[in-house]
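Let's take a friendly tour of this structure. Have a look at the sequence and the 3D view first, and then read on.

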Amino acid sequence: MKLKSFLLAVCLSLCLAAAGQDLQSYVSPSPYRTVTVAEPAQDSDVRNIILMIGDGMGLEQISCAWVVNHGSLNVDNMPVTGLSRTYSANRLVTDSAAGGTALACGVKTNNGYVGVDTAGNPLGSIFDKAIAAGKKTGVVTTCRLNDATPATFCCNNIDRDEAEDIVADYLECGVDYIAGGGLKYWRERSDGRDIVAEMEAEGYSAVLDPDSLSSVKNLPVLAVLADLELPPALERGDLYRNMVKQGITMLSEAGGENGFVMMLEGSCIDDWCHAGEIGPAMEELMDFDRTLGDVLEWAAADGHTLVIVTADHATGALTLQDGDLGEGKVSVAFGNDGHNGIAVPYYAFGPGSSKFGGILENSELGRLISSFVSPQD
Ligand SMILES: [Zn+2]
């Protein structure tokens, strides 16, 4: 017994030492001023829907970013909150493919499946519904356009890793504004095809240089602005915000009374939490929230836009262990390098927001968002 107690004590102290070693502190060099906006009237028509998905952005990530930005986030403007249960059809802990499919198509499917049901049948997404209703559509991501989350809105594949097949699906999707990274899978392909050229032949204005984005005049637009992911948040300046602003401007002008549906992803929060690096993860989340500030200001002025913010899952079993609001300092530890099964928050703003609230399955949340595309259905 004595030996057992001794070994237990050694184990415990080693574990504590290991946990202590994993504690990371972070203070951001780029805190920002958040906006304050009033929600438009509930009885206005919902013409436009902007769905923002923070990949891997659980309440733990949001809470840390709130501290790092000195106790203020733009998401605080969103009056309605609730929880989304994220488990997939075949796993308690989802991946981004099943998580994205639930939000995009309103159906829980297996991990790894992109826009298809558990039998592999293609599912219609909110974009398909929007296009049928005469709306414009747009997708903006900081990762590769073939990555699971954007792909679930535009593509159908039983395997999220079939990057070249997924990219080729953008030819069929009919989405009007496409902006993200992953050029490699559009041009340096094993089948020799140049999907950028094929999209141009279909009428798309192709933009491959971030500096040219603001000069593009006509929809549809294909902007593939990096070989793989976009540069990290601290290196890319306002690129993500500009991709979003350009999209909203073009889609709102072209959509007019019919409106538009956009999905904006903050992709790399997830990657940095997989890597166990709090600093870059916070900067990605803060860039996402800073962009949300632009979106909310636009939506408040427009008056006909429903804005939803949520996540597909949380990543890294992150714990906020200490810190200082005044200094904007967090001390955190990551418990693992994978996803977890904890429910994630969702937030709603704008006409229709009062229909949200409470605990929803991620697939119910997807169907509820989609129900605003054609309320007469
Ligand atoms: Zn992940």
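## The zinc site

This is a predicted model. Along the sequence, the residues that donate to the zinc ion follow the spacing D-x3-H-x64-H. Asp270 lies in helix 11 (residues 268-274) and His339 in strand 13 (residues 339-340), so this pair ties together parts that sit 69 residues apart in sequence.

Which atoms hold the zinc ion? Asp270 gives two OD atoms, while His274 and His339 each bring in NE2, at 2.1 to 2.5 Å. The angles among the 4 donor atoms run from 56 to 144°, and the site is irregular. As for the surroundings, Asp270 and His339 are both buried.

## Two nonpolar cores

The largest nonpolar core has 59 residues, and those touching the most other members are Met78, Val140, Tyr177, Met243, Leu264 and Val309. Helix 12 (residues 278-302) supplies the largest share of this core, with 10 residues.

Val309 is worth a click. Setting aside neighbours within four places in sequence, its contacts include Met52, Val75, Met78, Pro345 and Tyr346. There's also a second, separate core of 51 residues, with Val114, Phe127, Leu145 and Leu365 among them.

## A cavity beside helix 12 residues

How many cavities of 30 Å³ or more are there? The count comes to 1, and the largest cavity has a volume of about 50 Å³.

Val309 turns up again here, in a lining that also includes Met57, Ile62, Leu73, Val75 and Asp289. Helix 12 provides the largest share of that lining, 4 residues.

Definitions and conventions:
Residues numbered from 1 in each chain as written. Predicted model: local features only at pLDDT ≥ 70, side-chain atom pairs only at ≥ 80, totals over all residues. Heavy atoms only, no water. Donors = N, O, S within 2.8 Å, 3.2 Å for Na, K, Ca; no water. Tetrahedral: all angles 85-135°; square planar, octahedral: opposite > 155°, others 65-115°. Helix = DSSP H or I, 4+ residues; strand = E, 2+ residues; numbered from the N terminus. Buried < 20%, exposed > 50% of the residue type's maximum accessible area, 1.4 Å probe, protein only. Core = buried A, V, L, I, M, F, W, Y, C linked by side-chain atoms within 4.5 Å. Contact = heavy atoms within 4.5 Å. 1 Å grid on protein atoms, 1.4 Å probe; cavity = no way out; pocket = protein on both sides within 12 Å on 5 of 7 lines; lining within 4 Å. Points joined across faces, edges and corners; volume = space filled by probe spheres on them.
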